[in-house]
Amino acid sequence: MDDAIIDIRGVGKHFAQRRDSRKVVLEDINLQVHAGEFVSLVGASGCGKTTLLRMIGGLVPYEPGAVRVNGELVDSVPRRIGFVFQDAALLPWRTIEENVAIGLNEYRKSFSKQEARDRVAAQVELVGLTEFASYLPRQVSGGMQQRAGLARALVGEPDVLLMDEPFGALDAFTRMRLQEELAEIVRRTSATTVFVTHDVDEAVFLSDRIAVMSIGPGTIREVVDVDLPRPRLQRQELLGNRRASELRDRVLELVIGDRTVPPAVEAAGVRP
Amino acid sequence: MKRWGLPLLSVVIFLGIWQIVGNRVDPILFATPSAVVDAFVAMIRDGQLGPAFLSAMGDLAVGYGLAAVVGIALGMVVGRSEVAERVLNPYINFFQATPLIALVPLVVIWFGVGFKARIFVVFLFALWSILINTATGVKSTPRALIDVGRVYKFTRTQSIMGIALPNAVPSIFAGLRIGLGKGLIGMVIAQMNISVTGLGGLVIDYGNAFKTAYLLAAIITASLVGVIAAAGLEVLRRVLFPWTKSEGINTW
């Protein structure tokens, strides 16, 4: 399709090991993500989902294939993207506010100082950190740090938002709250989002589609459409929702099946 | 109270034992604390200790200041550039392995026996720890922070000044503290062996004269120089870089 904001075609990645052998990490990845869509990459650890995300973000080279963001071939970090890192990755020597302002660095010439300050303040408020704006990262909780990481990614109003297991290091309750906050934020922005996670419930709650990846070599096994109505604003809305549990089971089956279905059974066509 | 009580008690008991034992042995071997205090007061009164203290502080400040500037600058270069690291590594390793005191006669041949020679010795002693720690700090920039710079389009200058350098600050300060200890040694060696001046000069003179109480007073004043300099460095760290934590490294 032509209106894909993120267009991945035939992409692979391998590391040279010894003279003749090479380790294939990703093979023949094809994925199109359309404007405003939220797609999750799910898979067992080692399937290369983070590597794939970093390729879209221009942080990791690929060969062969082509990754395009906004129609432009990715050979360095694309313009107008936001990236949320696993452990927030805030600069410890900058305050929360100053860290959020980093998200405007790319556009610093198009804003007056006052304008930039206002935007940062508004974004800090949106993630509920106004009270902590002048704190250093180590003075706030992990959840607040990740909120700041999210604010930094969003403050420049990026076309593409890439998130690498942003809530993985948080406790279950904080994680749920942040998932709900993210759902609300995503509803309000038009950013096209790719979200890496190993939490299937999280993927079902947030995504329009879920790309399930398999290991060895990493490739996209199946893309599952999450045909649940939006807006989805609270995790509990999905509790007891039949379709949600079906989707969840389907994704889990794909992830787990990848590892446990013995080849003989698969060959005989007696798939569970 | 609890934090200070026990160390204080320990020092008081130690001084008490020293005083009692010291009274029973030859004062040349073992001057008592009270004799050291008397010597200290006498040296201040006759105008020896003040200038000696200032001379020690001056030599240390200039030589160490130079070492800090050069060490941090070179450390940045070595940490950022693999070529620079390979080019400079043999020299860094040589000076790390060499007992620097053996270079003092060479320094005298180059710079004579005055102020220049002394500050060069301080510089030479202090430089290497600062350089190496700065390079290590710069090299150990976490991958995630480098990525942050890339994603948000930092310029080269921004990523050096805004990420690599501040990230290296705790490591640089660790180097500065180790370098200070070594610079202090260099300063006393220079004052003992090059010019026979300042605190090192007093140590030599009173040692040769077997005036043990005066000798000890001079030594304690030299420790005082170290304590003051270390405290100054710590204040600097807290004021300039409040986001760093004290590393708690014992340096001498």
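**Figure 1. Contacts and burial in chain B of the predicted model.** Of the contacts in chain B (heavy atoms within 4.5 Å) with a separation of 6 or more, 76% join residues 24 or more positions apart. Buried residues (under 20% relative accessible area, 1.4 Å probe, protein chains only) constitute 42% of the 252 residues of chain B. This is a predicted model, in which local features need pLDDT of at least 70 and side-chain atom pairs count only at pLDDT 80 or more, whereas totals for chains, interfaces and linings use all residues. Residues are numbered from 1 along each chain as its sequence is written, chains are lettered from A and ligands numbered from 1 in the order in which they are written, and side-chain values use heavy atoms, with hydrogens and water left out.

**Figure 2. Helices and extent of chain B.** Chain B contains ten helices and zero strands (DSSP runs of H or I, at least four residues, and of E, at least two, numbered from the N terminus). Its C-alpha trace spans about 75 × 55 × 30 Å along the principal axes.

**Figure 3. Surroundings of A:Thr192 in strand E8.** Strand E8 of chain A covers residues 192–197 and includes A:Thr192. A:Thr192 counts as buried because its relative accessibility is 1%. A polar atom of the A:Thr192 side chain lies 3.0 Å from the backbone nitrogen of A:Gly36. Beyond neighbours within four places in sequence, the residues in contact with A:Thr192 include A:Ile5, A:Ile6, A:Val33, A:His34, A:Ala35 and A:Gly36. A:Glu37, A:Asp159, A:Val160 and A:Leu161 are also among the contacts of A:Thr192.

Key:
Buried < 20%, exposed > 50% of the residue type's maximum accessible area, 1.4 Å probe, protein only. Polar contact = N/O pair within 3.5 Å; in protein donor to acceptor, adjacent residues only side chain to side chain.
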